[in-house]
Amino acid sequence: MPIKIKKVKFLKSASSVSGFPQYSYPEFAFMGRSNVGKSSLINMVTGQKSLVKVGSKPGVTKTINFFLLNDKISLADLPGFGYAKLPGNIRKTFLPLIKDYIKIRDNLKLGFLLVDIRREPAGFEKDIITFLSEEEIPTAIIATKCDKLSKNKIMHSVKTIAVNLEIDAESIFVTSSHSGLGRNEMLNLIEEYS
């Protein structure tokens, strides 16, 4: 049985390491490119419609946003990476902030790396997987927006993503914030790593 979420609250936003909340709750980080569907997926996983603001434009999240589930599990929503239309100085602060977060966050139990099922992952995803691995943080690859493709196309895309990231296709979780696909599997992971 996946964990039941009875209570969810927004804690704070942080634009630098000094702003990170200090507690020992197990933490789960959501990361991925801008426009990968991160906000919608967090809303789906937590069972909330508007916990995280879903931006009409990519690159809305410029800080790390922290949430608390059931008063005992923390979620961190990291800035989307790679959106070209953001000013260069803002864009350049994202990756160092993400890497600083991964490096110093002792209670980080699992990174959810989101990949749009319709896109091939590139340098950013590979870099983040390598970095998480070096810091000994387990990573779950989450394919988003799977309601946009047929089952056959999903299977083909999952294989392409797996080859691209040099991982086993069976370790990729297919999800849809629209239909709720993959919610129980992600909640099971949160429970398993808490």
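1. Let's start with β3, where both faces are covered: I64, F66 and L68 lie on one side, N65, F67 and L69 on the other, and all of them are buried. That fits the usual picture, since in a regular strand the side chains alternate between the two faces of the sheet. Counted over residues 64-69, six of the six are buried, so β3 is largely enclosed by the rest of the structure. Keep in mind that this is a predicted model.

2. Who sits beside β3? On one hand there is β1 (residues 8-14), which pairs with β3 in the antiparallel sense over six bridges. If you want a register check for that pair, take K9, whose bridge partner in β3 is L68. On the other hand there is β4 (residues 73-77), joined to β3 by five bridges and also antiparallel. Here the handy marker is F66, with A76 as its bridge partner in β4.

3. Have a look at the turn between those two strands. The hairpin of β3 and β4 has three residues between the strands, and N70 takes a positive phi near 50° there. If you run a backbone check on the model, N70 is the residue in this hairpin with that positive phi.

4. Now zoom out to the whole sheet. It is an open sheet of seven strands in the order β1-β3-β4-β2-β5-β6-β7, and the pairing is mixed. β1 and β7 stand at the edges with a single partner strand each, so one side of each is left without a neighbour in the sheet. From one strand to the next, the twist averages 25°.

5. Where does β4 meet a parallel partner? That happens at β2 (residues 27-32), which pairs with β4 in the parallel sense over four bridges. A29 stands opposite A76 of β4. A76 therefore turns up in two registers, as β4 is where F66 of β3 finds A76 as its bridge partner and where A29 faces A76 as well.6. Further along, β5 (residues 108-116) and β6 (residues 139-144) pair in the parallel sense over six bridges. F112 has A140 as its bridge partner in β6. The link between these strands is helix α3 (residues 123-134), and β5, α3 and β6 make a right-handed β-α-β unit.

7. The pattern carries on to β7 (172-174). Three bridges join β6 to β7, and the two run parallel, with A143 standing opposite V174. Helix α4 (residues 151-165) completes a right-handed β-α-β unit with β6 and β7.

8. Is β6 mostly enclosed or mostly open? Five of its six residues are buried, so β6 is largely enclosed by the rest of the structure.

9. One loop residue to note is H178, found between β7 and α5 (183-193). At 68% relative accessibility, H178 counts as exposed, because the cut-off for that label is over 50%. The C-alpha atoms of H178 and C146 are separated by 9.0 Å, with the two residues 32 apart along the chain.

10. Last, the second largest pocket, with a volume of about 170 Å³. Which residues line the second largest pocket? They are R33, S34, N35, V36, V115, D116, R119, E120, P121 and E125. By class, the lining divides into three nonpolar, two polar and five charged residues.

Terms used: Residues are numbered from 1 along each chain as its sequence is written. This is a predicted model: local features need pLDDT of at least 70, side-chain atom pairs count only at pLDDT 80 or more; totals for chains, interfaces and linings use all residues. Side-chain values use heavy atoms; hydrogens and water are left out. Buried means under 20% relative accessible area, exposed over 50%, partly exposed in between (1.4 Å probe, protein chains only). Two strands pair if DSSP finds at least two bridges between them. A crossover is right-handed if, with the strands pointing away from the viewer, the path from the first strand over the helix to the second runs clockwise. On a 1 Å grid over the protein atoms alone, a cavity is a set of points where a 1.4 Å probe fits but cannot get out, and a pocket is an open set with protein on both sides within 12 Å along at least five of seven lines; lining residues have an atom within 4 Å of a point. Grid points are joined across faces, edges and corners, and a volume is the space filled by probe spheres set on the points. Ala, Val, Leu, Ile, Met, Phe, Trp, Tyr, Cys and Pro count as nonpolar, Asp, Glu, Lys and Arg as charged, and the others, Gly among them, as polar. Axes are lines fitted to C-alpha atoms, for helices over the stretch in contact, and angles run from 0 to 180 degrees between N-to-C directions.
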